[in-house]
Amino acid sequence: MTAGLLAVGLAVLCGHSAFRAFDAADKIEKLSNRLGHGSAQDSIGGLQTIGALNSIIGVLWLVGGLLLMSRKSAGRIMLILLACGGGVSSLYSAIASLDAEVPGAAIGSFIGLGVAALVLGLAMAGSTARWLASAPGRLRPHGPPAPHGQPPYGQPGPPPVYPGPRRVSRYTLRTTDFAVVRC
(Lines give C-alpha, C1' and ligand atoms only; values in the text may rest on other atoms or scores of the structure.)
Protein backbone atom coordinates (compact mmCIF):
# COMPACT_ATOMS: atom_id res chain seq x y z
CA MET A 1 0.00 0.00 0.00
CA THR A 2 2.81 2.40 0.89
CA ALA A 3 4.58 1.69 -2.39
CA GLY A 4 1.35 2.57 -4.21
CA LEU A 5 1.05 5.87 -2.35
CA LEU A 6 4.69 6.70 -3.11
CA ALA A 7 4.07 5.87 -6.77
CA VAL A 8 1.10 8.24 -6.91
CA GLY A 9 3.26 10.93 -5.31
CA LEU A 10 5.96 10.32 -7.91
CA ALA A 11 3.34 10.58 -10.63
CA VAL A 12 2.33 14.00 -9.30
CA LEU A 13 5.99 15.08 -9.27
CA CYS A 14 6.45 13.84 -12.85
CA GLY A 15 3.37 15.78 -13.92
CA HIS A 16 4.69 18.92 -12.27
CA SER A 17 8.08 18.43 -13.93
CA ALA A 18 6.44 17.91 -17.32
CA PHE A 19 4.39 21.08 -16.88
CA ARG A 20 7.53 23.04 -15.94
CA ALA A 21 9.43 21.70 -18.97
CA PHE A 22 6.62 22.59 -21.39
CA ASP A 23 6.22 26.00 -19.76
CA ALA A 24 9.96 26.72 -20.03
CA ALA A 25 9.97 25.64 -23.69
CA ASP A 26 7.03 27.98 -24.38
CA LYS A 27 8.70 30.92 -22.61
CA ILE A 28 11.99 30.35 -24.46
CA GLU A 29 10.14 30.18 -27.76
CA LYS A 30 8.26 33.43 -27.08
CA LEU A 31 11.44 35.19 -25.98
CA SER A 32 13.35 33.86 -28.99
CA ASN A 33 10.66 35.07 -31.39
CA ARG A 34 10.55 38.47 -29.73
CA LEU A 35 14.32 38.88 -29.87
CA GLY A 36 14.58 37.45 -33.38
CA HIS A 37 16.98 34.63 -32.49
CA GLY A 38 16.36 31.27 -34.10
CA SER A 39 19.17 29.42 -32.29
CA ALA A 40 16.98 28.39 -29.34
CA GLN A 41 15.22 25.62 -31.29
CA ASP A 42 17.54 22.93 -29.86
CA SER A 43 16.73 23.99 -26.31
CA ILE A 44 13.02 24.15 -27.07
CA GLY A 45 13.03 20.67 -28.63
CA GLY A 46 14.99 19.25 -25.69
CA LEU A 47 12.61 20.71 -23.14
CA GLN A 48 9.59 19.43 -25.06
CA THR A 49 11.15 15.95 -25.18
CA ILE A 50 11.81 16.05 -21.44
CA GLY A 51 8.21 17.17 -20.84
CA ALA A 52 6.82 14.36 -22.99
CA LEU A 53 8.97 11.72 -21.29
CA ASN A 54 8.02 12.99 -17.85
CA SER A 55 4.34 12.86 -18.84
CA ILE A 56 4.62 9.24 -20.00
CA ILE A 57 6.60 8.14 -16.96
CA GLY A 58 4.16 9.96 -14.66
CA VAL A 59 1.21 8.14 -16.20
CA LEU A 60 3.05 4.82 -15.73
CA TRP A 61 3.76 5.62 -12.05
CA LEU A 62 0.11 6.59 -11.56
CA VAL A 63 -1.26 3.46 -13.21
CA GLY A 64 1.16 1.20 -11.31
CA GLY A 65 0.35 2.84 -7.99
CA LEU A 66 -3.40 2.67 -8.53
CA LEU A 67 -3.20 -0.96 -9.64
CA LEU A 68 -1.19 -1.86 -6.56
CA MET A 69 -3.61 -0.04 -4.25
CA SER A 70 -6.48 -1.95 -5.86
CA ARG A 71 -4.57 -5.17 -5.05
CA LYS A 72 -3.57 -6.16 -8.57
CA SER A 73 -0.24 -7.95 -9.00
CA ALA A 74 0.30 -6.13 -12.31
CA GLY A 75 0.74 -2.92 -10.31
CA ARG A 76 3.45 -4.56 -8.23
CA ILE A 77 5.30 -5.68 -11.35
CA MET A 78 4.97 -2.23 -12.93
CA LEU A 79 6.34 -0.54 -9.83
CA ILE A 80 9.27 -2.94 -9.61
CA LEU A 81 10.18 -2.26 -13.24
CA LEU A 82 9.71 1.51 -12.91
CA ALA A 83 11.76 1.62 -9.70
CA CYS A 84 14.59 -0.34 -11.37
CA GLY A 85 14.57 2.01 -14.37
CA GLY A 86 14.34 5.08 -12.15
CA GLY A 87 17.17 3.86 -9.95
CA VAL A 88 19.45 3.23 -12.92
CA SER A 89 18.67 6.62 -14.47
CA SER A 90 19.15 8.39 -11.10
CA LEU A 91 22.50 6.68 -10.59
CA TYR A 92 23.60 7.66 -14.09
CA SER A 93 22.45 11.23 -13.49
CA ALA A 94 24.28 11.39 -10.16
CA ILE A 95 27.53 10.16 -11.72
CA ALA A 96 27.20 12.60 -14.63
CA SER A 97 26.44 15.46 -12.22
CA LEU A 98 29.46 14.67 -10.08
CA ASP A 99 31.62 14.42 -13.20
CA ALA A 100 30.38 17.84 -14.36
CA GLU A 101 31.03 19.19 -10.84
CA VAL A 102 27.41 20.11 -10.17
CA PRO A 103 26.89 18.85 -6.61
CA GLY A 104 23.34 20.19 -6.28
CA ALA A 105 22.12 18.04 -9.16
CA ALA A 106 24.01 15.06 -7.76
CA ILE A 107 22.26 15.43 -4.40
CA GLY A 108 18.88 15.48 -6.15
CA SER A 109 19.85 12.40 -8.14
CA PHE A 110 20.87 10.55 -4.97
CA ILE A 111 17.52 11.45 -3.40
CA GLY A 112 15.81 10.01 -6.50
CA LEU A 113 17.94 6.88 -6.17
CA GLY A 114 16.86 6.54 -2.54
CA VAL A 115 13.17 6.92 -3.40
CA ALA A 116 13.51 4.36 -6.20
CA ALA A 117 15.21 1.95 -3.79
CA LEU A 118 12.44 2.51 -1.24
CA VAL A 119 9.67 1.82 -3.76
CA LEU A 120 11.57 -1.23 -5.03
CA GLY A 121 12.02 -2.61 -1.53
CA LEU A 122 8.39 -2.03 -0.57
CA ALA A 123 7.05 -3.54 -3.80
CA MET A 124 9.27 -6.61 -3.51
CA ALA A 125 8.54 -7.20 0.19
CA GLY A 126 6.93 -10.45 1.20
CA SER A 127 4.25 -8.57 3.10
CA THR A 128 3.18 -6.91 -0.16
CA ALA A 129 2.87 -10.32 -1.82
CA ARG A 130 0.80 -11.65 1.10
CA TRP A 131 -1.37 -8.51 1.06
CA LEU A 132 -2.04 -9.01 -2.65
CA ALA A 133 -2.79 -12.71 -2.13
CA SER A 134 -5.34 -11.94 0.60
CA ALA A 135 -7.42 -9.72 -1.65
CA PRO A 136 -11.17 -10.41 -1.41
CA GLY A 137 -12.46 -12.48 -4.29
CA ARG A 138 -9.03 -13.92 -5.07
CA LEU A 139 -8.93 -17.69 -5.49
CA ARG A 140 -7.08 -19.36 -2.65
CA PRO A 141 -5.67 -22.86 -2.58
CA HIS A 142 -7.75 -25.08 -0.35
CA GLY A 143 -7.16 -28.38 1.41
CA PRO A 144 -9.36 -31.43 1.62
CA PRO A 145 -13.11 -30.90 1.85
CA ALA A 146 -14.69 -30.42 5.24
CA PRO A 147 -15.96 -33.63 6.92
CA HIS A 148 -19.58 -32.44 6.85
CA GLY A 149 -22.06 -31.76 4.10
CA GLN A 150 -22.82 -33.73 0.97
CA PRO A 151 -19.74 -35.38 -0.56
CA PRO A 152 -18.92 -34.60 -4.18
CA TYR A 153 -20.59 -36.80 -6.78
CA GLY A 154 -18.76 -39.97 -7.75
CA GLN A 155 -16.97 -40.39 -4.44
CA PRO A 156 -18.20 -42.52 -1.58
CA GLY A 157 -19.06 -40.60 1.52
CA PRO A 158 -17.84 -41.42 4.99
CA PRO A 159 -19.89 -43.88 7.04
CA PRO A 160 -22.51 -42.27 9.26
CA VAL A 161 -21.35 -41.42 12.75
CA TYR A 162 -23.82 -41.75 15.60
CA PRO A 163 -23.52 -38.86 18.04
CA GLY A 164 -23.93 -40.82 21.28
CA PRO A 165 -24.86 -44.17 22.79
CA ARG A 166 -27.69 -45.93 21.07
CA ARG A 167 -30.90 -46.39 22.87
CA VAL A 168 -31.64 -49.94 23.71
CA SER A 169 -35.17 -51.17 24.18
CA ARG A 170 -36.03 -53.01 27.37
CA TYR A 171 -36.40 -56.28 25.51
CA THR A 172 -32.85 -56.31 24.20
CA LEU A 173 -30.49 -58.41 26.22
CA ARG A 174 -27.02 -57.22 26.75
CA THR A 175 -24.19 -59.29 28.03
CA THR A 176 -23.24 -56.63 30.51
CA ASP A 177 -26.62 -56.84 32.21
CA PHE A 178 -26.08 -60.34 33.64
CA ALA A 179 -23.36 -61.82 35.75
CA VAL A 180 -21.67 -64.76 34.21
CA VAL A 181 -21.92 -67.79 36.41
CA ARG A 182 -19.46 -70.67 35.96
CA CYS A 183 -20.32 -74.11 36.94
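**A buried serine, a helix pair and two cysteines**

Let me begin with Ser 109, which counts as buried because its relative accessibility is 8%, and buried here means under 20%. Please keep in mind, as we go on, that what you have in front of you is a predicted model.

Ser 109 lies in helix 4, the helix that covers residues 103-124. Which residues is Ser 109 in contact with, once we leave aside its neighbours within four places in sequence? They are Ser 90, Ser 93, Ala 94 and Ser 97, and you may like to find these residues in the structure while I carry on.

Now let us turn to the start of the chain, where helix 1 runs over residues 2-35 and helix 2 over residues 41-69. The axes of helix 1 and helix 2 come within 7 Å and cross at roughly 160 degrees. Since angles over 145 degrees count as roughly antiparallel, helix 1 and helix 2 are therefore roughly antiparallel to each other. The crossing of these two helices is left-handed, and, sorted by class, the residues in the contact of helix 1 with helix 2 are 23 nonpolar, 8 polar and 1 charged.

My last topic is the cysteines. A disulfide, as a reminder, is a covalent bond between the sulfur atoms of two cysteines. How many disulfides does a search of the whole structure find? The search finds 0. As for the surroundings of individual cysteines, Cys 14 is buried, because its relative accessible area is 13%, whereas Cys 84, at 36% relative accessibility, counts as partly exposed.

Technical notes:
Residues are numbered from 1 along each chain as its sequence is written. This is a predicted model: local features need pLDDT of at least 70, side-chain atom pairs count only at pLDDT 80 or more; totals for chains, interfaces and linings use all residues. Side-chain values use heavy atoms; hydrogens and water are left out. Axes are lines fitted to C-alpha atoms, for helices over the stretch in contact, and angles run from 0 to 180 degrees between N-to-C directions. Helices (H or I, at least four residues) and strands (E, at least two) are DSSP runs, numbered from the N terminus. Angles under 35 degrees count as roughly parallel, over 145 as roughly antiparallel, 65 to 115 as roughly perpendicular and the rest as oblique. A crossing is left-handed if the near helix is turned anticlockwise from the far one by less than a right angle, and right-handed if clockwise. Ala, Val, Leu, Ile, Met, Phe, Trp, Tyr, Cys and Pro count as nonpolar, Asp, Glu, Lys and Arg as charged, and the others, Gly among them, as polar. A disulfide is a pair of cysteine sulfur atoms within 2.5 Å. Buried means under 20% relative accessible area, exposed over 50%, partly exposed in between (1.4 Å probe, protein chains only). Contact means heavy atoms within 4.5 Å.
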